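Visitor: I am new to this structure and should like to learn how to read it. Might we go through its features one at a time?

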Amino acid sequence: MVNPSPQYLGPYRVIRLLGRGGMGTVYEAVHEKSQQRVAVKIIAEELAREPRFQRRFEAEIQTLIRLKHPNIVKLIGIGDHDAMPYYSMEFIEGINLHQKLKMERKLDWHLVLDWAIDIASALKQAHDFGIIHRDLKPANLMVTEDNKVKLLDFGISRLFGNINATIPGSTVGTADFMPPEQAEGVVATPRSDLYALGAICYACLSGRPPFTGNSIPEILFNVRYGIYTPLSQLAQSTPGEFCKLIDELLSREPTKRPATAYLTMNRLQAMRAGLLRLESQQSSTMADEVAAPDSKSKKSEEATSVDLSALQSAADLSNS
């Protein structure tokens, strides 16, 4: 039986339920005094009662509150409701990327490239603080009403350790985008987040994750040992250099991926500038080619046209 939504969570008046998952339940709420609109996530009971979770919750959230970046959903504070911990964060109008992909399946490479730059920038900021996301996937990316992207639940998965692996429904989405080293139980590194960035770009452009399966174990096996279909075959309109970088991000061996989020961001920015310049040149060339026949036609008219009224008609010629 699903518990009814509470009327209040600390100083927040609950407006409506936004969603439930293995890690907790999220509500839209308003701070009674400031009228600030927020999203509040109350942690699932089976997680909250874990002693190691209780010890780390406040310290971890306080660290995450320090993260300030335009592409990271801002954490605001923490509290508890009936001994169940929760944290509040800025409310984002929009949908998550998982929902967007279910509706649209594939996205234009220009948009995906812009998002990749923003995500890499957000990862760079977090990695500079020593914070690794560990669970980067479409469901943890909010797409705003003006088509900007914001990272959600940054670093939260570290709180849960391996607990969430035992909760039905909490791992499937993660497995699709989990780097091979995490699938093998190795501690995540910044390059693990970069793999997830590559997997997200691949899914946005091709309409599916790099590795799929009929069960979590099958997906994880494919992540560790499988071979994915080259993106260039599934998204033929995507520039080759973008496909190549995504292939690097998806390298099974972490050392073969770009070294840092900062370097990844720089490469993506340089790529975007080059591709936009190339598109501009191609558009200019096409415009010149379209204009060229018109110009030649006008010159031909000028060279060959005569005033027919000045010539004798056929009838006149026949009578002469």
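**The core, the sheet and the turns**

Guide: The largest nonpolar core has 87 residues, and Leu97 and Phe242 are those with the most contacts inside it. Please keep in mind that this is a predicted model.

Visitor: Which element gives the largest share of this core?

Guide: As a general idea, nonpolar side chains in soluble globular proteins tend to be buried together. In this core, the largest share comes from H4, with 12 residues.

Visitor: Which residues does Leu97 touch, leaving aside those up to four places away in sequence?

Guide: With those places not counted, Leu97 touches Leu107, Trp115, Pro138, Leu141, Val143, Ile200 and Cys204.

Visitor: I should now like to turn to a sheet. What is the order of the strands in the open sheet of 3 strands?

Guide: In general, strands of a sheet pair through backbone hydrogen bonds, either parallel or antiparallel. Here the order is S7-S8-S9, and the pairing is antiparallel. Strand S7 (94-96) and strand S9 (149-151) each have a single partner strand, so one side of each is left without a neighbour in the sheet. From one strand to the next, the twist averages 30°.

Visitor: How many bridges link S7 with strand S8, and which residue of S8 is the bridge partner of Gly94?

Guide: S7 and strand S8 (residues 141-144) pair over 3 bridges in the antiparallel sense. The bridge partner of Gly94 is Thr144, while that of Asn96 is Met142. On the S9 side, S8 is again joined by 3 bridges, and these two strands run antiparallel. Met142 stands opposite Lys150 in S9.

Visitor: Are the residues on the two faces of S8 buried or exposed?

Guide: In a regular strand the side chains alternate between the two faces of the sheet. In S8, Leu141 and Val143 lie on one side and Met142 and Thr144 on the other, and all of them are buried. Helix H4 (residues 109-128) lies across S8 and S9, and its direction is at about 30° to S9.

Visitor: Where does Asn147 lie, and what is the sign of its phi?

Guide: Most residues other than glycine have a negative phi. Asn147, in the loop between S8 and S9, has a positive phi of about 65° although it is not a glycine. S8 and S9 form a hairpin with 4 residues between them. Asn147 counts as partly exposed because its relative accessibility is 32%, which falls between the limits of 20% for buried and 50% for exposed. Arg134, in the loop between H4 and S8, is not a glycine either and has a positive phi of about 75°.

Visitor: How many residues stand between S5 and S6 in their hairpin?

Guide: There are 2 residues between S5 and S6, and Asp82 in the turn has a positive phi of about 50°. Strand S5 (residues 75-81) pairs with strand S6 (residues 84-90) in the antiparallel sense over 6 bridges. Leu75 has Met89 in S6 as its bridge partner.

Visitor: Finally, where does helix H2 bend, and which of its residues are buried?

Guide: An α-helix has 3.6 residues a turn, so residues three or four places apart point the same way. In H2, the buried residues are Phe53, Phe57, Glu60, Ile61, Leu64 and Ile65. The helix H2 bends by about 40° at Phe57. With 15 residues (51-65), H2 reaches 22 Å from its first C-alpha to its last, close to the 21 Å expected at 1.5 Å a residue.

Methods
Residues are numbered from 1 along each chain as its sequence is written. This is a predicted model: local features need pLDDT of at least 70, side-chain atom pairs count only at pLDDT 80 or more; totals for chains, interfaces and linings use all residues. Side-chain values use heavy atoms; hydrogens and water are left out. Two strands pair if DSSP finds at least two bridges between them. Axes are lines fitted to C-alpha atoms, for helices over the stretch in contact, and angles run from 0 to 180 degrees between N-to-C directions. Contact means heavy atoms within 4.5 Å. Buried means under 20% relative accessible area, exposed over 50%, partly exposed in between (1.4 Å probe, protein chains only). A nonpolar core is a set of buried Ala, Val, Leu, Ile, Met, Phe, Trp, Tyr and Cys residues joined through side-chain atoms within 4.5 Å. The expected span of a helix is 1.5 Å times one less than its number of residues. The bend at a residue is the angle between axes fitted to the seven residues ending there and the seven starting there.
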